[in-house]
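Biologist: Kindly bring up the sequence and the model together. I should then like to put some questions about its strands, helices, loops and pockets.

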Amino acid sequence: MRDVDFKAMPLDAASATALLCTGAYPSQTGVPSAMVFDASVTGGFSQRPPLAKPSGSTITNDSFSPAALQLTTVADELVMDAGGNARVWSVAMDPQQAIILTGHAGTGAVWMNNSSGNWATTSYYGSLPGAITSRNLRAPLSQRIDTMVWRPSAMLAAVTSLPQHKKLAPFKYTFSRQDRDAYKKFAASPLANREVTDAALDILSNLNLGKTPGETDMLNVAYTLAPFKYTSDGQTRTELTDSYLRLDAQIGRLLKAVDKAVGAGNSVIWLTGTGYFDDAVATEPKYRMPGGEFSARRARSLLNSYLSARFGSAEYVTTIRDGQVFFSPQALDRPGVDGSQVVSDARSFIAKMSGVSEALTINDLLSPTAEYEGLRLALDPKNCGDIILRFIPGWDVVYDEQTPTVTKQTRESASMTPAFIKAPGLKAETINTTVEAVRLAPTLSGALRIRAPNGAKARALPLK
């Protein structure tokens, strides 16, 4: 499949993974984004991962579970079809991706703790398998990270599409234990993909996946190809090319190991991207591109001043995060205050701010018009903001009321996402027409001869 259309916008790794595994859109999966807002926390809104429960000011491994995932996944259906005998393991750098891939009924999920560099899991699935515990002891990343260096691989020299000046100024990135974000930076680099493959191969070989006669086991692996945002000049074309080459090598290692473990032709392989592009690095000023900065702090202050003058003094807007404006229910419910009018006036006011292309309310999103279909499919009305903002491409949105400050560059260009399914008896075919991403889960289920997830929104592709 050359072009998979996810429709929902915006997406991130968590929401896209949930869409792929359930065959449903983020508005229904319970995982609309990697972070959601929890109004139940004392003192105001708290941002947290949807698959993690509030746990004071920190999130522990044990607080993660798939409970918030509201639909079954392909992995769940596989386990249920086998009467509980199928084993499902997932490996990722990110805990939420690992958990979504394993689902509710799977055997285990492992990810790298970005504080210690060790592989971790959640008590929901039980303890770490011995093979991963052994890896943490014999080859901990904490003892190796100072020696890890990402520089151009030998394969990069053979790439003819790179201009010569890109090859004459090679990049070099190191990861110091003294840096509190060392493991986060490492996880964002292609070197992390080798660590993921190593852990996946430990699970494959030591737990004997695929070796039980008559049963089908599943191993899910999440890699990264995100542009490396920890760079000074923002020019990452060479780094991204090198990342592709390195990822190709890791996928090759994994597939060869699978063939060796269960025999060539005895596995179903599926591979897809997550359908979104995280352009985390701002364009350098020297290029004189149009744009500017939208400050969430300044916008919230101006909104509250305007609304206080109109409806009486109060802290109406509590926060602006991820392009969403959250209001205080207490301020909107005060006697004599028409909450809907407050939101309506706020929408009109913020829509006129520099950098904002559109401001929408929940009613706008729930309207049946096709204009807002992507947003409607991406957002869960039960936990999104009262006003949704869309920004002009090229503008930097600065969330300067959170620590650390997060800056996101607005980009709306579509990315072409391929997907592959290889299964015994399946004829080779290239599908050039656009395929909806929600069809992948039921199509994979068809290749596995199991029923589709319970919330799948589309039919499977006909397999030949």
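Modeller: Which residue of β15 stands opposite glutamine 324?

Biologist: Helices (H or I, at least four residues) and strands (E, at least two) are DSSP runs, numbered from the N terminus, and two strands pair if DSSP finds at least two bridges between them. β13 and strand β15 (residues 387-391) meet this condition with two bridges, in the antiparallel sense. Opposite glutamine 324 in β15 stands isoleucine 388.

Modeller: Which residues do totals for chains, interfaces and linings use?

Biologist: Residues are numbered from 1 along each chain as its sequence is written, and side-chain values use heavy atoms, with hydrogens and water left out. The model is predicted, so that local features need pLDDT of at least 70 and side-chain atom pairs count only at pLDDT 80 or more, whereas totals for chains, interfaces and linings use all residues.

Modeller: Which residues of strand β13 point the other way from Gln324 and Phe326?

Biologist: In a regular strand, side chains alternate between the two faces of the sheet. In β13 (residues 324-327) all are buried (under 20% relative accessible area, with exposed over 50% and partly exposed in between, for a 1.4 Å probe and protein chains only). Gln324 and Phe326 point one way, and the other way point Val325 and Phe327.

Modeller: In the hairpin of β12 and β13, which residue takes a positive phi?

Biologist: Strand β12 (residues 317-321) pairs with β13 over four antiparallel bridges, and isoleucine 320 stands opposite valine 325. Two residues lie between the strands of this hairpin. The positive phi, near 50 degrees, belongs to aspartate 322.

Modeller: Why do β6 and β9 each have one side without a neighbour in their sheet?

Biologist: The sheet is open, with mixed pairing and the strand order β6-β5-β4-β9. One side of β6 (119-120) and of β9 (218-221) is left without a neighbour because each stands at an edge, with a single partner strand.

Modeller: What angle does helix α8 make with β4?

Biologist: Helix α8 (residues 191-206) packs on the sheet and touches β4, β5, β6 and β9, where contact means heavy atoms within 4.5 Å. Axes are lines fitted to C-alpha atoms, for helices over the stretch in contact, and angles run from 0 to 180 degrees between N-to-C directions. With the direction of β4, that of α8 makes about 160 degrees.

Modeller: How many residues of helix α4 are buried?

Biologist: The cover over the buried residues of α4 includes α1, α3 (74-81), β4, β5 and β9. Helix α4 (residues 95-102) is largely enclosed by the rest of the structure, because its buried residues number eight of eight.

Modeller: Which peptide bond is cis?

Biologist: Most peptide bonds are trans. Proline 10 lies in the loop between β1 (4-5) and α1 (13-22). With omega near 5 degrees, the cis bond runs from methionine 9 to proline 10.

Modeller: Is lysine 7 buried, exposed or partly exposed?

Biologist: Lysine 7 lies in the loop between β1 and α1, and its phi is positive, near 65 degrees, although the residue is not a glycine. Because its relative accessibility is 28%, lysine 7 counts as partly exposed.
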